[in-house]
Amino acid sequence: MSVVHQLSAGWLLDHLSFINKINYQLHQHHEPCCRKKEFTTSVHFESLQMDSVSSSGVCAAFIASDSSTKPENDDGGNYEMFTRKFIFRPELFDVTKPYITPAVHKECQQSNEKEDLMNGVKKEISISIIGKKRKRCVVFNQGELDAMEYHTKIRELILDGSLQLIQEGLKSGFLYPLFEKQDKGSKPITLPLDTCNLSELCEMAKHLPSLNEMEHQTLQLVEEDTSVTEQDLFLRVVENNSSLTKVITLMGQKYLLPPKSSFLLSDISCMQPLLNYRKTFDVIVIDPPWQNKSVKRSNRYSYLSPLQIKQIPIPKLAAPNCLLVTWVTNRQKHLRFIKEELYPSWSVEVVAEWHWVKITNSGEFVFPLDSPHKKPYEGLILGRVQEKTALPLRNADVNVLPIPDHKLIVSVPCTLHSHKPPLAEVLKDYIKPDGEYLELFARNLQPGWTSWGNEVLKFQHVDYFIALESGS
């Protein structure tokens, strides 16, 4: 379970546990004499066993299978069978200290005119810089003033609800004081090299000559698959309907595919295969690449304009009464756009606004709550597709609870950029069981979900996982 504690304020989540409960296990043949294999550019598939997670969590390592069953290799010799377990790298959730400490924040800003500013009386604020004699006067633009006003409205909600959940986490031991588990010998995190740029591959795939013929096809991965060309993966919905997890090798890079998962690797200009998939979805989660100044400066990833986001064909993808969840930054321009333009254009009614609060392993906010630059929370706007009387509701006899407003999702964030916490378990009371679920602009896969995006396999890269010690 990714839900560690649930209170009236919301949920305390364990994102790492959610990933590892998939329990990736790879059954491998080990030859007595290793032979170097030639590199190929095709996509190879291997099977990974998915077992249930034991109460003690992920602890098993490589496990030797029954030695009485040893398949023969091409030379007539015997292979040894090993089970290799992968877990997500725990150091990627090792957030022991706030990104900005309160002391640094205090040095950056001391405001004595906060109330007047919130009331719109003054639009200037003096900022004192400790250690410097001179003072500079900052004039806030309207967007910044709107953000301050919004923060004032939800501040107590964020603070009180988060503290309740954090206290429960400290009591249970899920969260812990820094000195208790401080790793003095922590090593710097080495991330995988971007040797297989998925977004660039999507762009290249548009120019492949045979894609038009494949747009209406779905690629189903079955046990007997041994090799599929890379071209087969582009602009097609790829399904792994088995109970086994598979490994694909794409341009020399390996990715883990969970059981019962589907994905489409493409950009927003090539979503037609998803429409041809002949499915509508009961839940659609969207994490758009919002435009902002830091993204423009860093050129870290491409972003979409509001007009491009409006062109996403949600009405064609959504089932009747579909629950739509959109991740949004704290920029008020984006919040207003979703509520006043985007959702109405899709015939979606706003029903709730939730908040993801990011904390350290010891329960501190990753940014000071009142930081003028970055807040320790982000928003989720939840809406329902307005019912069309001409269409019958799927599983209409199933009752779901009304969605409450201003719930909190509190968790330690992954250090990987934009790796959002899972929503499946926190949404389960508000959606139909055994429904169809879709994530747009996804960067990872989940069992039971269809995922789309031009980086949809990004966090499935095998280098984000670690293989535990082998046994013989």
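In the predicted model, strand 12, which spans residues 244-250, is mostly covered, with seven of its seven residues buried. The burial extends to both faces of the strand, since Leu244, Lys246, Ile248 and Leu250 on one side and Thr245, Val247 and Thr249 on the other are all buried. Strand 12 runs antiparallel to strand 13 (residues 253-257), to which it is joined by five bridges, and within this pairing Gln253 of strand 13 is the bridge partner of Leu250. The two strands form a hairpin with two residues between them, and in this hairpin Met251 takes a positive phi near 50°.

A comparable covering on both sides is found for strand 19 (residues 408-411), in which Leu408 and Val410 on one side and Ile409 and Ser411 on the other are all buried. Strand 19 is joined to strand 2 (residues 10-13) by four bridges in a parallel arrangement, with Leu13 standing opposite Ser411. Strand 17 likewise pairs with strand 19 in the parallel sense, over four bridges, and here Trp356 stands opposite Ile409.

Helix 11 (residues 332-345) comprises 14 residues and reaches 19 Å from its first C-alpha to its last, close to the 20 Å expected at 1.5 Å a residue. The helix nevertheless bends by about 45° at Ile338, and Ile338 is itself one of the buried residues of helix 11, which are Gln332, His334, Leu335, Phe337, Ile338, Leu342 and Tyr343. The elements covering these buried residues include helix 4 (142-172) and helix 9 (306-310), together with strand 16 (318-328), strand 17 (348-358) and strand 18 (377-385). Just after helix 11, Ser347 takes a positive phi of about 60°.

The largest nonpolar core contains 49 residues, of which Leu274, Ile284, Ile314, Trp346, Ile359 and Leu440 touch the most other members. For Trp346, when residues up to four places away in sequence are not counted, the residues touched are Ile286, Ile309, Lys310, Ile312, Ile314, Pro315 and Leu324. Apart from this largest core lies another, of 22 residues, among them Leu13, Val325, Ala352 and Leu382; Leu13 is also the residue that stands opposite Ser411 in the pairing with strand 19.

With regard to positions remote in sequence, Arg155, which is placed in helix 4, lies 8.4 Å from Asp370, C-alpha to C-alpha, although the two are 215 residues apart in sequence. Arg155 touches both Leu369 and Asp370, not counting residues up to four places away in sequence. Across the chain, residues 24 or more positions apart account for 73% of the contacts with a separation of 6 or more. The chain contains twelve helices and 22 strands, and 47% of its 472 residues count as buried.

The confidence of the prediction varies along the sequence: the mean pLDDT of the chain is 78, and 67% of its residues reach 70 or more. Over residues 34-44 the pLDDT is below 50, and this stretch has 20 contacts in the model beyond near neighbours in sequence. The pLDDT also stays under 50 over residues 49-69, for which the model has 41 contacts beyond four places in sequence.

Note on methods. Residues numbered from 1 in each chain as written. Predicted model: local features only at pLDDT ≥ 70, side-chain atom pairs only at ≥ 80, totals over all residues. Heavy atoms only, no water. Buried < 20%, exposed > 50% of the residue type's maximum accessible area, 1.4 Å probe, protein only. Pairing = 2+ DSSP bridges. pLDDT = per-residue confidence, 0-100. Contact = heavy atoms within 4.5 Å. Core = buried A, V, L, I, M, F, W, Y, C linked by side-chain atoms within 4.5 Å. Expected span 1.5 Å × (residues − 1). Bend = angle between axes of the 7 residues up to and from the residue.
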